[in-house]
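This report describes how the secondary-structure elements of one protein chain are put together. Please keep the sequence and the coordinates at hand while reading.

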Amino acid sequence: MAKYLLLKHYRGAPAPVNDIPMDEWTPEEISAHVRYMAEFAARLEKTGEFVDGQALAPEGQWVRYDGEGRPPVTDGPFAETKDLIAGWMVIDVDSHDRAVELAGELSAAPGAGGRPIHEWLEVRPFLAPHPTVTDCPHR
């Protein structure tokens, strides 16, 4: 099994077919989209392929350590990227082909008018754990 990140973008990816921003959708259209996502995740839970997933709000901050005794620096230098990532799902599948197959299916989540979005999703494999960090307490 190999883990992959399916990354949904607010913007920055090629435009989806049904390119109407979510803030212009009706409450019913948003509910249908969220329901599709939940049902997709539930189906993958049953097959053992779902690891985790979350939707993200466009708000956020960049934070950087700025030296001992100094407050962190926030919102720079690339603060505009904080509104790029809409959400993510981590899957654990047998092959890259299966990851691509699931991403294609997830791309068809309904959007405005109940029509599939056909949005672009980024499919990123996780790096295999390095043998020297397997005992890391943060894993």
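## The enclosed strand

How many of the 9 residues of β5 are buried? In this predicted model, the number is 7, so β5 is largely enclosed by the rest of the structure. For the protein chain as a whole, buried residues make up 26% of the 139 residues.

## Elements along the chain

The protein chain holds 2 helices and 6 strands, and read from the N terminus these elements follow one another as β-α-β-β-β-β-α-β. Among the contacts in the chain with a separation of 6 or more, 75% are accounted for by residues that lie 24 or more positions apart.

## The sheet

Four of the strands are described by a single arrangement: an open sheet of 4 strands in the order β2-β5-β1-β6, with antiparallel pairing. The edges are taken by β2 (50-55) and β6 (121-125), and because each has a single partner strand, one side of each is left without a neighbour in the sheet. On average, and with direction ignored, neighbouring strands of this sheet are turned by 15° against each other.

The pairings can be followed across the sheet from β2, which runs antiparallel to β5 and is joined to it by 5 bridges; here glycine 53 stands opposite methionine 89 in β5. Between β1 and β5, also antiparallel, there are 8 bridges, and tyrosine 4 stands opposite isoleucine 91 in β5. Strand β1 (residues 2-9) is in turn joined to β6 by 5 bridges, again in an antiparallel run, with glutamate 122 in β6 as the bridge partner of leucine 7.

## Helix against sheet

Helix α1 (residues 27-47) packs on the sheet, where it touches β1, β2 and β5 (85-93), and its direction makes about 20° with that of β5.

## Helix against helix

Helix α1 also packs with helix α2 (residues 96-106), at an angle of about 155° and with the axes 11 Å apart. Since angles over 145 degrees count as roughly antiparallel, this makes α1 roughly antiparallel to α2, and α1 passes α2 in a right-handed crossing.

On the side of α1, the contact is made by Tyr36, Met37, Phe40, Arg43 and Leu44, which meet Arg98, Leu102, Glu105 and Leu106 in α2. Sorted by class, the residues of this contact of α1 with α2 comprise 6 nonpolar and 3 charged residues, and no polar ones.

Note on methods: Residues are numbered from 1 along each chain as its sequence is written. This is a predicted model: local features need pLDDT of at least 70, side-chain atom pairs count only at pLDDT 80 or more; totals for chains, interfaces and linings use all residues. Side-chain values use heavy atoms; hydrogens and water are left out. Two strands pair if DSSP finds at least two bridges between them. Axes are lines fitted to C-alpha atoms, for helices over the stretch in contact, and angles run from 0 to 180 degrees between N-to-C directions. Contact means heavy atoms within 4.5 Å. Angles under 35 degrees count as roughly parallel, over 145 as roughly antiparallel, 65 to 115 as roughly perpendicular and the rest as oblique. A crossing is left-handed if the near helix is turned anticlockwise from the far one by less than a right angle, and right-handed if clockwise. Ala, Val, Leu, Ile, Met, Phe, Trp, Tyr, Cys and Pro count as nonpolar, Asp, Glu, Lys and Arg as charged, and the others, Gly among them, as polar. Buried means under 20% relative accessible area, exposed over 50%, partly exposed in between (1.4 Å probe, protein chains only).
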